[in-house]
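The following note concerns helix packing and nonpolar cores. Please read the points alongside the model.

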Amino acid sequence: MSGSPKYSTVSVASAYARREAQRRAQREAERRSRQEQRARERAELAARRARERAARRERAQADVERRQREAADRRAAEQEAHASRVREEQAAADSRRLDEVNDLLVRVRTAAPAAELAAIEERLVQLRGEVGGGEPLGGAVEELRGRLVLLSSRGSAAQPDAGYDTVLARLEQQLAAVGPDGARHDPEGRRESTELLDQLRAAAGSGAETRFAALLGTVEHALTRHAGTAQRHADQERLRVAEERRRSEEHAAARAVAEQAAAEAAEAAEAEEAEEAEEAEETAVHERRAAALVEAADRLGVVRSSVAAVAAEARELADPDLAARVERALHTVTGALGAQAAEDALEAVGALERLLPEAEARLDELQLAFTRRSDLAEALQDAMCGEGFTFTEGSEQGAAFVLRFERPSGARYETTVATESDGTPVLVYHVEGEPDVTLHPAAEGAVCDRTEDLLERVHEAMGERDGFLPGELTWQGKPPGGQAGPLPGAGRGRRG
């Protein structure tokens, strides 16, 4: 019997159970407090990240508005540059037209009245001063050109002695040259010219040379005035049509240029908007990834020290599987952060956050079990020493305490204080060298100091003093009824 391992499951008394329940409640409160503190830290970090995101959005919006203003300024500058080029081209064209008018003025200077030439020169100087002012001068220049053309087209004065018929024919031809439009544009001049020409015709003949010569100048002046008036109206009509055509062409050209510029601006704006949208999308993706990485790193920072403490404590409490599980979860987070895998990092840190309370709860139970084993080992040591055992050594092996004792007889007892899978403490005895003999005589006969009785006394002492209640001692081959036979060698005295 002494060579077989002996087992006894241990229950705890109500007083010890109450103390253990208090310790469990205290550890649960501490665990909740740690969880609440971590939740507060996460909330503070989240609020800080939200403030930083808001600040980044404000900066981004300000940057967008700045770029829009810069683009609008560029477009305005381009439009102004285009308008300036148009004005320069218009001014150059007006200057060329005025130079042409000046050349024409030089050619007609000797054949035109001085007063009219002076007026034309004055108007020419005035128009030169208006070049580049923004308003096109084409109409005014063409009007001035028409006046000079009219002056240059006037024929030389007729000679009275050229012959009445010749003079009259020439004057009639001059009147006819004015054309029907002359009567429409200058009816009064046409009537006056016709009447004077009739009077001149009546004065033609011998003896009327003086009257003919006197009327000839009047008729020529009237015809010239009528032709000039008609020509002026015709020139004005022509200039009006030409001006309208020019304006229409200029407007069409300007509209085409404006439409092209608008199309180019719209295309550029569309391309710029598309580029900005693409850049904004890329920036948003980058910012979301960066924000997710920052969030994962912040959340890891909240739990990292606790995770390290849990892993270390799990190894101390002989649960290497729990330590490895926690460390793998931590490595998954750090690996995802190192790889810049934002979504994986968030998922991994979330898993770590969920694992941590579970691991801490497991550690609390392991710590309570450790404390229970420690208390049980201490109670066993006291009880064994109280029965005459000598404590030789003790060690912690995994999730168990191993205590070694020796009896005065030299028998050695090795006791393992362990915990079953359901948390129930258990005592396992290995006995070597127990003679199983009577250790001292008694008046009524031999006293059988059996190993079972000895351990039962130890168990009774533990229950009386320390709140532990070891159960029935069992071993392989224990006889039915729970009683082993007498120890061999009864009658030998107890050694002491």
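Is the crossing of helix 9 and helix 10 left-handed or right-handed?

1. The crossing of helix 9 and helix 10 is right-handed (the near helix is turned clockwise from the far one by less than a right angle; anticlockwise would be left-handed). This is a predicted model, in which local features need pLDDT of at least 70 and side-chain atom pairs pLDDT 80 or more, while totals for chains, interfaces and linings use all residues. Residues are numbered from 1 along each chain as its sequence is written, and side-chain values use heavy atoms, without hydrogens and water.

2. The axes of helix 9 and helix 10 (residues 451-465) lie 9 Å apart at an angle of about 120 degrees. The two helices are therefore oblique to each other (neither under 35, over 145, nor 65 to 115 degrees). Contacts (heavy atoms within 4.5 Å) involve residues including Leu380 and Met384 of helix 9 and Leu455 and Met462 of helix 10.

3. Helix 4 (residues 164-178) and helix 6 (residues 187-203) have axes that come within 11 Å and cross at roughly 165 degrees. That makes helix 4 roughly antiparallel to helix 6. Their crossing is left-handed.

4. The largest nonpolar core (buried nonpolar residues, under 20% relative accessible area with a 1.4 Å probe, joined through side-chain atoms within 4.5 Å) has 30 residues, and Leu300 and Leu352 have the most contacts inside it. Helix 7 (209-316), helix 8 (320-338) and helix 9 (342-386) each give two or more residues to this core. A second, separate core of 26 residues includes Met384 and Leu455.

Note on methods. Axes are lines fitted to C-alpha atoms, for helices over the stretch in contact, and angles run from 0 to 180 degrees between N-to-C directions. Helices (H or I, at least four residues) and strands (E, at least two) are DSSP runs, numbered from the N terminus. Buried means under 20% relative accessible area, exposed over 50%, partly exposed in between (1.4 Å probe, protein chains only).
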